[in-house]
Amino acid sequence: MPQAYQRIGRYHIVREIAHGGMAFVYRGILAGVEGFEKDVAIKKIQPFWSQQKEFIDMLIDEARVLLHLHHPNIVEVIELGKEGDTYFIVMEFVDGFDLRKIIKKLKANSQVFGTALSCHIIKQVCLGLEFAHARKSKTGEPLNIVHRDISPQNIMISRDGHVKIADFGIAKVRGKTTETAAGFLKGKFSYMSPEQAGGTTIDARTDLFALGAVFFELLTGQKCFDGTSDFEIIERVRNAKADLSLITD
């Protein structure tokens, strides 16, 4: 059956957008009456994770919170579903690109974001983070939502210029599990906070530290914390040792 006609739950799968150690991401359509269609992004959890009860229990708990994270700078979670033994998350579809792809394209042309545009992007992400970090329960208790994976690949830029944070709940739940999907941390060490790299308790400040590293990269075209090995990168992060030689007047 052609992929365009595959279904999961009440959604038609159009095409694969991306995949990784944790999930496949598809562009999908919710079809309604009288030709109504709504574009969505569908994150289909990999079989390994769907079989981990600890992960699924936390995923369900997080979904209950994330369904109420309605903000212009956060990719909205629409539904957590299950078909057979497979769990999937339905999200707002952002017609655009993640920041990592844009940075890579600019770097290939020896270009960087200008200061004004960089500040605009970071400001929009800050607004989304502020909203999530400040969320409280119905009884007024802080929900302590922390993204844990603020990095260029989780910042989306739509074709009409909107900036949105992706993968809010997944990052938090994944950060709590005792196992890590193969390849998840690859390339992510550069955007950790010292506390995260050291395995100690983290809070909302971890997201702000990571965003600072992203800001540095937008302005310089180079990662704030980099090295020839994962160990070297982690040590630089743990000591907050950025390469300040990249900063020019």
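A salt bridge here is a side-chain nitrogen of Lys or Arg within 4 Å of a carboxyl oxygen of Asp or Glu. With that in hand, the structure, which is a predicted model, holds 10 salt bridges.

One of them pairs Glu79 with Arg10, at 3.4 Å from N to O. This pair ties together distant parts of the chain: Glu79 sits in strand S5 (residues 77-83), while Arg10 is in the loop between strand S1 (7-8) and strand S2 (11-19), 69 residues apart. Glu79 has a relative accessibility of 21%, so it counts as partly exposed, and Arg10 is partly exposed too, at 44%.

Another salt bridge joins Arg205 and Asp203, whose closest N and O atoms are 2.7 Å apart. Here Arg205 counts as exposed at 61% relative accessibility, whereas Asp203 is partly exposed at 30%.

Arg238 and Glu235 also meet through their side chains, with 3.6 Å from N to O. Both lie in helix H8 (residues 230-238), three residues apart, or about one turn of the helix. Arg238 has a relative accessible area of 46% and is partly exposed; Glu235, at 28%, is partly exposed as well.

Turning to the interior, there are two cavities of 30 Å³ or more. The second largest has a volume of about 40 Å³. Its lining is made up of Ile103, Leu106, Lys107, Gln111, Val112, Phe113, Glu217, Leu218 and Gly221. Helix H3 (99-108) and helix H7 (204-220) each supply at least two of these residues, with H3 giving the largest share, three. By type, the lining of this cavity splits into five nonpolar, two polar and two charged residues.

Technical notes:
Residues are numbered from 1 along each chain as its sequence is written. This is a predicted model: local features need pLDDT of at least 70, side-chain atom pairs count only at pLDDT 80 or more; totals for chains, interfaces and linings use all residues. Side-chain values use heavy atoms; hydrogens and water are left out. On a 1 Å grid over the protein atoms alone, a cavity is a set of points where a 1.4 Å probe fits but cannot get out, and a pocket is an open set with protein on both sides within 12 Å along at least five of seven lines; lining residues have an atom within 4 Å of a point. Grid points are joined across faces, edges and corners, and a volume is the space filled by probe spheres set on the points. Helices (H or I, at least four residues) and strands (E, at least two) are DSSP runs, numbered from the N terminus. Ala, Val, Leu, Ile, Met, Phe, Trp, Tyr, Cys and Pro count as nonpolar, Asp, Glu, Lys and Arg as charged, and the others, Gly among them, as polar. Buried means under 20% relative accessible area, exposed over 50%, partly exposed in between (1.4 Å probe, protein chains only).
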